[in-house]
Amino acid sequence: MSLLDYFRSEKKSSASLAKERLQIIVAHERSKRGTPDYLPQLKQDILDVIRKYVKVDSDAVNVQFEQNEDDLAVLELNVTLPDDDRESK
Amino acid sequence: MAKIIVVTSGKGGVGKTTSSAAIGTGLALKGYKTAIIDFDIGLRNLDLIMGCERRVVYDFVNVINGEANLNQALIKDKRVEKLFILPASQTRDKDALTREGVERVLNELKDKFDFIICDSPAGIEAGAMMALYFADEAIVTTNPEVSSVRDSDRILGILQSKSKRAEDGLEPVKEHLLLTRYNPSRVAAGEMLSVEDVQEILAIDLLGVIPESTAVLNASNSGQPVVLDGESDAGQAYNDAINRLLGEIVDFRFLNVEKKGILKRIFGG
């Protein structure tokens, strides 16, 4: 690095790095807030049942929990089945 | 009817007990009858910070179990009138605090006091949940540092979903941010999160900023709540925070690097 670069490149302060990292993790954790504690286990159980019949990856099951304002919770389940392997094991 | 205020944080070592002692003492100094309750069962420390560790006879759990009444367990402060401390028990029994027991004690205190300060233990275990459950307001103590800010956000989520006010569908717990151990020169150097940064992330009302100060350790060494040291920066910053808690509008101090005068530069200080 030349001397000129040293003056040009404004080094990012560690505080601004901390702020960036916090904003990301806090937003991520807030989005999960309010979802029931059993959700990860529920996802695992559903995956195990599906695996009895079809070979699927662990990331093929997508479970979304949405709490609407008027006491209505929606559990959305999305399973991506592989194209070639639909017959039972 | 007393207002119940929890001093909480999630992370340990950020200054919850120091802040509980300072704010409780400050409120009593202003003439409000105040009780500070130590919820840290098994790790009692409020008594040391308040300088009354040798006067503990009965504790919070004794009162819950009916082994002592409230008047026997409350320690009256010798310096400030209208200030009382309810020490935590040193038992290792995790289930010593029952919700019914805590509610009964708080209801009894409510009639006689103006403010009840609940000094929460760190973490999100039973003791911390119990300290915040009955709160009307929460002082979220935070250091300008990543793990503390993240844990504070977690505690805010818990206040919004697991407190009695949330469960009963009442007006939500009023949340205040108290930023402690703030070092303006490190903020200026870009080494520490600024007040604005923390406020932007947590998005709650700012109650006070307490500068990192030698006065705080001196105060706990001698068992004197730091607010009694009116000369010190930390003591004054706590006093400002208490005035804001009471609804006053007070300008923020100690946010910028103090410019040393020429004499101070030469002779030190």
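Helices and strands are here runs assigned by DSSP, with at least four residues for a helix and at least two for a strand. With these terms, the predicted model can be described span by span. Residues 2–161 of chain B are 41% helix and 18% strand, and the C-alpha atoms at the two ends of this span lie 23 Å apart. According to an unreviewed UniProt entry, these residues carry the annotation "domain: AAA".

The strands of chain B may be considered next. Eight of them form an open sheet with mixed pairing, in the order S3-S4-S2-S5-S1-S6-S7-S8. Strand S3 (75–76) and strand S8 (205–211) of chain B are the edge strands, each pairing on one side only. In general, the strands of a sheet pair through backbone hydrogen bonds, either parallel or antiparallel. In chain B, strand S2 (residues 34–38) and strand S4 (residues 83–86) run parallel and are joined by 4 bridges. For example, B:Ala35 has B:Phe84 in S4(B) as its bridge partner. Helix H10 (residues 195–202) of chain B packs on the sheet, where it touches strand S6 (137–142), strand S7 (174–182) and S8 of chain B. The direction of H10 makes about 150° with that of S7(B).

One residue of the sheet deserves a closer look. B:Thr8 is located in strand S1 (residues 3–8) of chain B. Its relative accessibility is 1%, and B:Thr8 therefore counts as buried, since the cut-off for burial is under 20%. Beyond residues up to four places away in sequence, B:Thr8 touches B:Lys16, B:Ser120, B:Ile139, B:Val140, B:Thr141 and B:Ile155.

Burial leads on to the nonpolar cores. The largest one has 56 residues, and B:Phe39, B:Phe60, B:Leu97, B:Val102, B:Leu109 and B:Ile116 have the most contacts inside it. Helix H7 (residues 146–162) of chain B supplies the largest share of this core, 5 residues. Another core, of 32 residues, lies apart from it and includes B:Ala21, B:Ile85, B:Ile139 and B:Ile210.

Helix H5 (residues 99–112) of chain B offers a check on helix geometry. At 1.5 Å a residue, its 14 residues should span 20 Å, because the expected span uses one less than the number of residues. The end C-alpha atoms of H5(B) are 21 Å apart, which agrees. Buried in H5(B) are B:Gly101, B:Val102, B:Val105, B:Leu106, B:Leu109 and B:Lys110. Leaving aside neighbours within four places in sequence, B:Leu109 is in contact with B:Ala35, B:Ile37, B:Leu70, B:Leu74 and B:Ile116.

Key
Residues are numbered from 1 along each chain as its sequence is written. Chains are lettered from A and ligands numbered from 1 in the order in which they are written. This is a predicted model: local features need pLDDT of at least 70, side-chain atom pairs count only at pLDDT 80 or more; totals for chains, interfaces and linings use all residues. Side-chain values use heavy atoms; hydrogens and water are left out. Two strands pair if DSSP finds at least two bridges between them. Contact means heavy atoms within 4.5 Å. Axes are lines fitted to C-alpha atoms, for helices over the stretch in contact, and angles run from 0 to 180 degrees between N-to-C directions. A nonpolar core is a set of buried Ala, Val, Leu, Ile, Met, Phe, Trp, Tyr and Cys residues joined through side-chain atoms within 4.5 Å. Buried means under 20% relative accessible area, exposed over 50%, partly exposed in between (1.4 Å probe, protein chains only). UniProt positions are given in the numbering used here, feature names are shortened, and annotations may be inferred rather than shown by experiment.
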